[in-house]
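Reader: I would like a close look at one part of this model: the strand pairing. Please follow it from strand to strand, then turn to what lies around it.

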Amino acid sequence: MQRSFRAVFISDVHLGTPACQAQHLLDFLECVSCRTLYLVGDIIDLEHMKSRAHFTDTHHKIISLIMEKARSGTEVIYIPGNHDAFFRQLAGQTISGIKIRKNTLHRTADNRSFHVSHGDEFDHVVQISPLALLVGEKAHDSMLWLNGGVNKLRKAMHLPYWSLAGYIKENLGKAQQFIGRFEQAALQACRSLQVDGYICGHIHYASFNRQSGVLYCNDGDWVEHCTALVETFQGELKLMHWSEQPRWIASEPEEEINWQPIPAAS
Ligand SMILES: [Mn+2]
């Protein structure tokens with residue numbers, strides 16, 4: 001499997017929480033090299049750390065490795081998300097070689113333009129009530145806890161890491177509807193920004209969606225799915241899952257596929 005890329009995009013790492021799949025991420029960052037590394041938000045979970053910080057040796061190693069990469073020639077761009085929104089006030093600055101930006105424009109090798117941002121700017125568009133978010137977050141916490149147990153068991157049985165939450169989420173119609181609305185919001189934003197595509201994270205669901213000539217890309221997360229969006233030196237975008245057995249999960253779609261109008265939020 002290819003290990004060297006023109007650009008790598010990761011987000012929703014949630015360092016500082018026990019949910020972060022830190023060992024997998026450290027392994028990924030050690031094995032993969034790129035010209036530009038985009039950190040697309042919710043990298044350090046400052047929100048969670050306000051009440052309880054879970055910052056292990058591996059979490060420290062991840063930060064040191066990213067800083068080391070920035071020192072040794074990798075362009076590192078940090079776009080804060082809603083869980084590390086504090087860093088947004090540093091936008092425009094370069095700290096230890098890491099460029100902090102509110103959002104940015106990425107140009108692929110084949111000269112396509114992509115707006116890159118975390119994605120929480122669509123929260124009001126997808127209209128999820130604060131109560132639903134709270135209930136969702138609690139349910140999510142229990143799911144992650146269960147996920148940890150399942151994977152300890154799988155590890156003992158020498159089976160690779162598997163996302164229980166990912167499996168359940170895929171099978172929940174409501175979640176699918178939410179994902180669909182989020183994708184539509186990003187695709188619409190491409191038209192007003194006059195770009196060829198949108199790259200974001202935030203909803204912990206790696207995917208591509210091409211519609212009317214614009215491309216939506218979500219790089220996923222490192223609390224459940226361990227996914228990254230990469231750009232090859234030819235300018236092709238691909239989604240990768242990283243575990244003991246790394247694999248490709250998707251290449252950018254050529255044609256518009258499976259387009260269905262998303263019902264309005266109720
Ligand atoms: Mn987020």
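Author: The answer below starts with the whole chain, goes through the sheets, and ends with the helices and some single residues.

This is a predicted model. Its protein chain holds seven helices and 13 strands. There are 266 residues in the chain, and 37% of them are buried. Take the contacts with a separation of 6 or more: residues 24 or more positions apart account for 67% of these.

Start with the sheet of eight strands. What is its strand order? The order reads β4-β5-β3-β2-β1-β11-β12-β13. The sheet is open, and its pairing is mixed. β4, residues 94–95, stands at one edge, and β13, residues 247–251, is also an edge strand. Each has a single partner strand, so one side of each has no neighbour in the sheet.

Now walk through part of that order. β1 spans residues 4–10. Six bridges tie β1 to β2, and the two run parallel. Within this pair, A7 has T36 of β2 as its bridge partner. Next comes the step from β2 to β3. β2 covers residues 33–39, and β3 covers residues 75–78. These strands also run parallel, joined by four bridges. L37 faces V76 here, with V76 standing opposite in β3. The step after that leads from β3 to β5, residues 98–100. The sense is parallel again, over three bridges. Which residue of β5 stands opposite V76? I98 does. V76 thus has L37 opposite in the β2 pairing and I98 opposite in the β5 pairing.

S4 belongs to β1. Is S4 buried or exposed? S4 is exposed, because 12 other C-beta atoms lie within 10 Å, and 12 or fewer is the cut-off for exposed. A distant stretch of sequence comes back here. S4 and E231 are 227 residues apart in sequence, yet their C-alpha atoms are 9.5 Å apart in space. E231 lies in β11, residues 227–231. In the sheet order, β1 and β11 are neighbours.

The loop between α3 and β3 contains S72. S72 is exposed too, with 9 other C-beta atoms within 10 Å. Its C-alpha atom is 9.6 Å from that of G97, at 25 residues apart in sequence.

Turn to the five-stranded sheet. Its order is β6-β7-β8-β10-β9. This sheet is open as well, and the pairing is mixed. β6, residues 104–107, and β9 are the edge strands, each paired on one side only. On average, neighbouring strands here are turned by 20° against each other, direction ignored.

Look at both ends of this sheet. At the β6 end, β6 pairs with β7, residues 113–116, over four bridges. The sense is antiparallel. L105 stands opposite H115 in β7. At the other end, β9 takes residues 207–211 and β10 takes residues 214–218. They pair in the antiparallel sense over five bridges. F208 has C217 of β10 as its bridge partner. A hairpin links the two strands, with two residues between them. S212 sits in that turn and has a positive phi of about 45°.

Most residues other than glycine have a negative phi. Two further exceptions lie in loops beside these strands. H204 has a phi near 55°. Its place is the loop between β8, residues 197–200, and β9. H204 counts as buried because it has 23 C-beta neighbours inside 10 Å, and the cut-off is 20 or more. C226 has a phi near 50°. C226 is in the loop between β10 and β11. C226 is buried, with 24 other C-beta atoms within 10 Å.

Last, the helix pair. Two packed helices are described by the angle between their axes and the distance between the axes. α1, residues 22–31, packs with α3, residues 57–71, at an angle of about 25°. Their axes are 9 Å apart. α1 is therefore roughly parallel to α3, since angles under 35 degrees count as such. The crossing is left-handed. α1 contributes A22, Q23, L25, L26, L29 and E30 to the contact. α3 contributes T58, H59, K61, I62, L65 and I66. By class, the contact has seven nonpolar, three polar and two charged residues.

How values were computed
Residues numbered from 1 in each chain as written. Predicted model: local features only at pLDDT ≥ 70, side-chain atom pairs only at ≥ 80, totals over all residues. Pairing = 2+ DSSP bridges. Axes fitted to C-alpha atoms, helices over the stretch in contact; angles between N-to-C directions. Parallel < 35°, antiparallel > 145°, perpendicular 65-115°, else oblique. Left-handed = near helix turned anticlockwise from the far one by under 90°. Contact = placed C-beta atoms within 7 Å. Nonpolar A, V, L, I, M, F, W, Y, C, P; charged D, E, K, R; others polar.
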